[in-house]
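Here's a quick tour of one model, moving from its packing to a hairpin and a pair of helices. Have the 3D view open as you read.

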Amino acid sequence: MKQKRHHKILKILAESDIKTQEQLTDKLKSSGFMVTQATVSRDIKELGLIKLPLADGSYKYAVTKEEKNDSRDHLTIFSKSIIAIQAAMHTIVIKTHSGMANAVAASLDTFIGHEVVGTIAGDDTLLIITENPQRAEDMAERLRHTFSWKE
């Protein structure tokens with residue numbers, strides 16, 4: 001559960017400016033995670049999150065470079081889980097070995113979450129939804145390169 005919560009925190013930070021632990025706690029609760037502020041505080045420490053200044057003088061939580069590099073390492077690990085990557089209209093379909101789609105999706109959400117409309121994962125299939133067909137083609141090619149996967 002902790003790993004899923006950590007992935008959700010990273011996804012939340014990629015999608016919005018979170019300025020306080022209370023905001024992060026509320027977002028997690030609205031996503032179905034029953035957490036306390038103490039739990040969120042520990043998660044922030046474990047993930048090595050930092051606070052970055054915003055133009056208005058306030059601060060937001062952000063991922064350190066080290067955490068982003070960990071995401072790349074996860075992508076390398078998951079490259080052997082990929083069976084197929086195919087663009088279809090404004091979506092990308094990634095076929096994985098059984099049981100791997102959610103894990104691949106969690107890493108991709110951290111790596112590309114801010115660049116796509118959303119992701120949906122089942123047991124062995126992951127859908128990435130993009131804004132348009134060209135974006136899907138470009139992203140599929142980038143993922144093939146990232147995963148060193150050949151058609």
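## Ala121 and its surroundings

Contact here means heavy atoms within 4.5 Å. Keep in mind that we're looking at a predicted model. With that in hand, start at strand S5, residues 118-121, where Ala121 sits. Setting aside its neighbours within four places in sequence, Ala121 is in contact with Ala101, Asn102, Ala105 and Leu126.

Is Ala121 buried or exposed? Neither label fits: its relative accessible area is 26%, and buried means under 20% while exposed means over 50%, so Ala121 counts as partly exposed. From Ala121 to Ile94 it's 27 residues in sequence, but 9.3 Å in space, C-alpha to C-alpha.

## The largest nonpolar core

Ile94 takes us to the largest nonpolar core, which has 18 residues. Ile94 is among the members that touch the most others, along with Ile85, Ile92, Leu108, Ile128 and Leu143. Two or more residues each come from strands S3 (82-88), S4 (91-96) and S6 (125-129), and from helices H5 (101-112) and H6 (133-146). H5 gives the largest share, with five residues.

Which residues does Ile94 contact, leaving aside neighbours within four places in sequence? The list runs Ile82, Ala84, Ile85, Leu108, Asp124, Thr125, Leu126, Ile128 and Leu143. Separate from this core there's another one, of 15 residues, including Leu10, Ile12, Leu24 and Val63. As a bit of background, nonpolar side chains in soluble globular proteins tend to be buried together.

## The S3-S4 hairpin

S3 and S4 run antiparallel and pair over six bridges. One pairing to pick out on screen: Ile82 has Thr96 of S4 as its bridge partner. Two residues lie between the strands of this hairpin, and Met89 takes a positive phi there, near 60°.

## Where H1 meets H2

Now swing round to the helices H1 (residues 2-15) and H2 (residues 21-30), which pack at about 115° with their axes 11 Å apart. Their crossing is right-handed. On the H1 side, the contact is made by Arg5, Lys8, Ile9 and Ile12, and on the H2 side by Leu24, Lys27 and Leu28.

What mix of residues makes up the contact of H1 with H2? Four are nonpolar and three are charged, with no polar ones. Two names may ring a bell: Ile12 and Leu24 take part in this contact, and both are members of the 15-residue core.

Conventions. Residues are numbered from 1 along each chain as its sequence is written. This is a predicted model: local features need pLDDT of at least 70, side-chain atom pairs count only at pLDDT 80 or more; totals for chains, interfaces and linings use all residues. Side-chain values use heavy atoms; hydrogens and water are left out. A nonpolar core is a set of buried Ala, Val, Leu, Ile, Met, Phe, Trp, Tyr and Cys residues joined through side-chain atoms within 4.5 Å. Buried means under 20% relative accessible area, exposed over 50%, partly exposed in between (1.4 Å probe, protein chains only). Helices (H or I, at least four residues) and strands (E, at least two) are DSSP runs, numbered from the N terminus. Axes are lines fitted to C-alpha atoms, for helices over the stretch in contact, and angles run from 0 to 180 degrees between N-to-C directions. A crossing is left-handed if the near helix is turned anticlockwise from the far one by less than a right angle, and right-handed if clockwise. Ala, Val, Leu, Ile, Met, Phe, Trp, Tyr, Cys and Pro count as nonpolar, Asp, Glu, Lys and Arg as charged, and the others, Gly among them, as polar. Two strands pair if DSSP finds at least two bridges between them.
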